[in-house]
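Me: I am new to this structure and would like a close look at one part of it. Please take me through that part step by step.

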Amino acid sequence: MSNERLLLVDDDKELCSLLMEYLSAEGYQVDAAYGAEQAIDMLQGQRYSLMVLDIMMPGTTGLELLQQIRPSHKLPVIMLTGRGDEIDRILGLEMGADDYLGKPCNPRELLARIRAVLRRSAAPAPVEGRLTDEAVVIGPISVNPSTREAKVSGELLELTSAEFNVLTYLMQHAGQVLSKEQLTRWVLHRELTAYDRAIDVHVSRVRQKLVPHFSGSGRDKIDGKELIKTVRGQGYIFVYTGQQGQD
């Protein structure tokens with residue numbers, strides 16, 4: 001039996017029952033909440049490794065619940081969305097969800113997504129591209145995969161698991177263009193699919209969180225938006241014109 005406890009949040013009790021049975025057979029401890037209020041109560045009373053969240057719930061929606069819990073709960077979240085609800089998927093990712101899966105979902109595919117998210121939230125695996133557990137320092141920015149901390153000029157940067165891994169991979173390959181296919185494979189541990197915007201949103205969120213630390217003037221101040229550049233038709237590249245340092 002795994003020590004990892006999952007929380008399913010979905011008003012479809014039949015689906016919850018099916019997924020609980022399947023995921024329990026795979027060794028996970030699984031609880032279910034059938035609405036936002038019940039989910040909040042359970043999050044306050046129990047530590048969960050990951051939450052599977054249905055976006056379209058009556059009353060308080062999954063998006064509203066995600067927005068409420070994100071300031072105080074950092075657990076990874078996989079959203080369940082209608083297959084055509086691209087706007088909801090993007091909003092969910094912008095609010096801090098780690099990944100999404102369309103409904104109706106295949107339990108085996110959900111299991112694969114859960115395993116991938118849990119792997120990367122524990123520590124980024126050295127799958128490709130020289131990723132190690134050593135800290136990387138470029139100018140005032142540092143990432144430490146061992147402690148899962150990112151800092152700018154010593155100030156902690158609040159990142160989700162996926163955002164942290166995006167920044168880590170880009171910094172460990174500074175000056176090199178990384179394709180969306182590579183980042184999806186390395187960060188989300190899955191293949192890029194058609195109309196998949198997950199990596200784009202995660203990169204955008206990292207940019208947004210860096211910008212406040214790189215505004216104004218001064219020797220070490222540059223435009224935060226230019227730290228991570230988009231290379232049209234190719235992918236993204238981490239760029240910093242200052243000196244690279246070491247911890």
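In what order do the five strands of the open sheet lie, and is their pairing parallel or antiparallel?

Reply: A word on the source: this is a predicted model. Now the sheet. The strand order is β2-β1-β3-β4-β5, and the pairing is parallel. The sheet is open. Its edges are β2 (29–33) and β5, each of which pairs on one side only. Between neighbouring strands the average turn is 20°, with direction ignored.

Strands in a sheet are held in pairs by backbone hydrogen bonds, and the pairing can be parallel or antiparallel. Take the pairs here one at a time. β3 and β4 run parallel and are joined by four bridges. Within this pair, V52 stands opposite I78 of β4. Next comes β4 (residues 77–82) with β5, again in the parallel sense, over five bridges. There, G82 has K103 of β5 as its bridge partner.

Look again at β5. This strand covers residues 99–103, and four of its five residues are buried, so β5 is largely enclosed by the rest of the structure. Yet β5 is an edge strand, pairing on one side only. Buried here means under 20% relative accessible area.

What lies against the strands? One element is helix α4 (residues 86–94), which packs on the sheet and touches β4 and β5. The direction of α4 makes about 165° with that of β4. Another is helix α2 (residues 36–45), lying across β1, β2 and β3. Helix α2 runs at about 140° to β2.

Next, the empty space. Rolling a probe the size of a water molecule over the atoms shows where such space is left. Searching the whole structure turns up one cavity of 30 Å³ or more. The volume of the largest cavity is about 40 Å³. Its lining consists of L8, V9, D10, L15, C16, L19, V52, L53, D54 and L80. Three elements give two or more residues each: β1 (5–9), α1 (13–25) and β3 (50–54). So two strands of the sheet, β1 and β3, take part in this lining, together with helix α1. V52, which stands opposite I78, is one of the lining residues. By class, eight of the lining residues are nonpolar, none is polar and two are charged.

To sum up, the sheet runs β2-β1-β3-β4-β5, α2 lies across β1, β2 and β3, and α4 touches β4 and β5.

Conventions:
Residues are numbered from 1 along each chain as its sequence is written. This is a predicted model: local features need pLDDT of at least 70, side-chain atom pairs count only at pLDDT 80 or more; totals for chains, interfaces and linings use all residues. Side-chain values use heavy atoms; hydrogens and water are left out. Buried means under 20% relative accessible area, exposed over 50%, partly exposed in between (1.4 Å probe, protein chains only). Two strands pair if DSSP finds at least two bridges between them. On a 1 Å grid over the protein atoms alone, a cavity is a set of points where a 1.4 Å probe fits but cannot get out, and a pocket is an open set with protein on both sides within 12 Å along at least five of seven lines; lining residues have an atom within 4 Å of a point. Grid points are joined across faces, edges and corners, and a volume is the space filled by probe spheres set on the points. Ala, Val, Leu, Ile, Met, Phe, Trp, Tyr, Cys and Pro count as nonpolar, Asp, Glu, Lys and Arg as charged, and the others, Gly among them, as polar. Axes are lines fitted to C-alpha atoms, for helices over the stretch in contact, and angles run from 0 to 180 degrees between N-to-C directions. Contact means heavy atoms within 4.5 Å.
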